Amino acid sequence: MKESGKSIYDLRHDFEKATLNESDVDNNPAIQFEKWMHQALEAKVVEALAMTLSTASKEGKPSGRILYLREYADNRFAFFTNYKSKKAEDLLENPFASMNFFWQELERQVRIEGSVEFHSKEASDKYFYSRPHYSKVGAWSSPQSKVIKDRAELEGLVTEFDTKYKTEDVPRPEYWGGYILKATYYEFWQGRKSRLHDRIAYTLQDDNTWKIERLAP
Ligand SMILES: Cc1cc2nc3c(=O)[nH]c(=O)nc-3n(C[C@H](O)[C@H](O)[C@H](O)COP(=O)(O)O)c2cc1C
């Protein structure tokens, strides 16, 4: 396969901006994540809060999509979505998921895995009411992940709900809200030259401490 006359086999990037050693990382992966997220935001990484959320059905069929991370603290990571979507169906059957961040500008990747539960109604309200008007209208107008006839159907629903909520604040639909992923595993990845990347993993132990190990690239 060729792109601009070059085989795509020959398209590659060597990573060499930084290193990651066992002595550099915090004992608590939540603090390590906060540090890296802070650096990503400071460095103005494009879409630093966007991550791939992977879920699986009860048969183990995987499914991934990009979502925004909206809260992170104490090894708990929140995202918000439609409770009738494909991801929500998966999470009902199989409440485990992973999050994957790629911060290209810093040559970093973070993987987080854990179990998922519903976020509180209060937290879902707090985030929903912070959103712009048309994002709130969109939550009512989009039967997320369902087949629709055409674009006109969607735009018709937007007009309907925009008119309905012209004079009052748009309420949060009961089928829209947050989830919390409770992390039991992390990996912090720093790209290095010639594919000899640094990978530091944290696994939660039965006594609630984190085991820190280096993985081969
Ligand atoms: C940068 C970016 C951020 C997104 N953030 C969200 C989000 O926070 N919540 C959401 O429901 N969908 C978000 N989406 C759309 C999802 O990728 C996806 O299309 C949608 O949630 C339906 O997924 P599902 O059918 O697998 O449930 C985002 C997409 C992109 C590209």
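Start by selecting arginine 76: with 15 other C-beta atoms within 10 Å, this residue is partly exposed. You are looking at a predicted model, so keep that in mind as you click around. Arginine 76 sits in strand β6. Now show what touches arginine 76: setting aside neighbours within four places in sequence, the contacts are Ile180 and Lys182. For a sense of scale, add phenylalanine 15 and draw a distance between the two C-alpha atoms. Arginine 76 and phenylalanine 15 are 61 residues apart along the chain, and their C-alpha atoms are separated by 30 Å.

**Zoom out**

Colour by secondary structure and take in the whole chain. You should find 5 helices and 11 strands. The C-alpha trace spans about 55 × 55 × 40 Å along its principal axes. Of the 217 residues in the chain, 24% are buried. If you have a contact map handy, bring it up too: taking contacts between residues at least 6 apart in sequence, 62% join residues at least 24 apart.

**The ligand**

Next, centre on the ligand and display its surroundings. There are 16 residues around the ligand, and those that come nearest are Thr81, Ser85, Lys86, Lys87 and Ser145. Which elements each supply at least two residues of this shell? Select β4 (62-68), β6 (76-82) and α2 (86-93). The largest share comes from β4, with 5 residues. Strand β6 should look familiar, as arginine 76 is in that strand. Colour the shell by residue class and you get 6 nonpolar, 6 polar and 4 charged.

**Two packed helices**

Hide the ligand and select residues 133-141 and 151-164, which are helix α4 and helix α5. Two numbers to look for here are the angle between the axes and the distance between them, the usual way to describe two packed helices. For this pair the angle is about 120 degrees and the axes are 9 Å apart. That angle makes α4 oblique to α5. Is the crossing of α4 and α5 left-handed or right-handed? Turn the view until one helix lies over the other: the crossing is right-handed.

Now put side chains on the place where they meet. From α4, show Val137, Trp140 and Ser141; facing them from α5 are Leu154, Leu157, Val158, Phe161 and Asp162. By class, this contact has 6 nonpolar, 1 polar and 1 charged residues.

**Past the end of α5**

Keep Trp140 on screen and add glutamate 174, found in the loop between α5 and β9 (176-190). Glutamate 174 and tryptophan 140 are 34 residues apart in sequence, yet C-alpha to C-alpha they are 9.9 Å apart in space. Is glutamate 174 buried or exposed? Glutamate 174 has 9 C-beta neighbours inside 10 Å, so it counts as exposed.

**Two positive phi angles**

The last stop is the loop between α1 (29-42) and β3 (50-56), where lysine 44 is found. Check the backbone torsions of lysine 44: phi is positive, about 55 degrees, although this residue is not a glycine. With 8 C-beta neighbours inside 10 Å, lysine 44 counts as exposed.

Stay in the loop between α1 and β3 and pick glutamate 47. Here too phi is positive in a residue other than glycine, with a value near 55 degrees. Glutamate 47 has 13 other C-beta atoms within 10 Å and is therefore partly exposed, whereas lysine 44 is exposed.

Notes: Residues are numbered from 1 along each chain as its sequence is written. This is a predicted model: local features need pLDDT of at least 70, side-chain atom pairs count only at pLDDT 80 or more; totals for chains, interfaces and linings use all residues. A residue is near a molecule or strand if its C-beta atom, placed from the backbone, lies within 6 Å of it. Helices (H or I, at least four residues) and strands (E, at least two) are DSSP runs, numbered from the N terminus. Ala, Val, Leu, Ile, Met, Phe, Trp, Tyr, Cys and Pro count as nonpolar, Asp, Glu, Lys and Arg as charged, and the others, Gly among them, as polar. A residue is buried if 20 or more other C-beta atoms lie within 10 Å of its own, exposed if 12 or fewer, and partly exposed in between; C-beta atoms are placed from the backbone. Two residues are in contact if their C-beta atoms, placed from the backbone, lie within 7 Å. Axes are lines fitted to C-alpha atoms, for helices over the stretch in contact, and angles run from 0 to 180 degrees between N-to-C directions. Angles under 35 degrees count as roughly parallel, over 145 as roughly antiparallel, 65 to 115 as roughly perpendicular and the rest as oblique. A crossing is left-handed if the near helix is turned anticlockwise from the far one by less than a right angle, and right-handed if clockwise.
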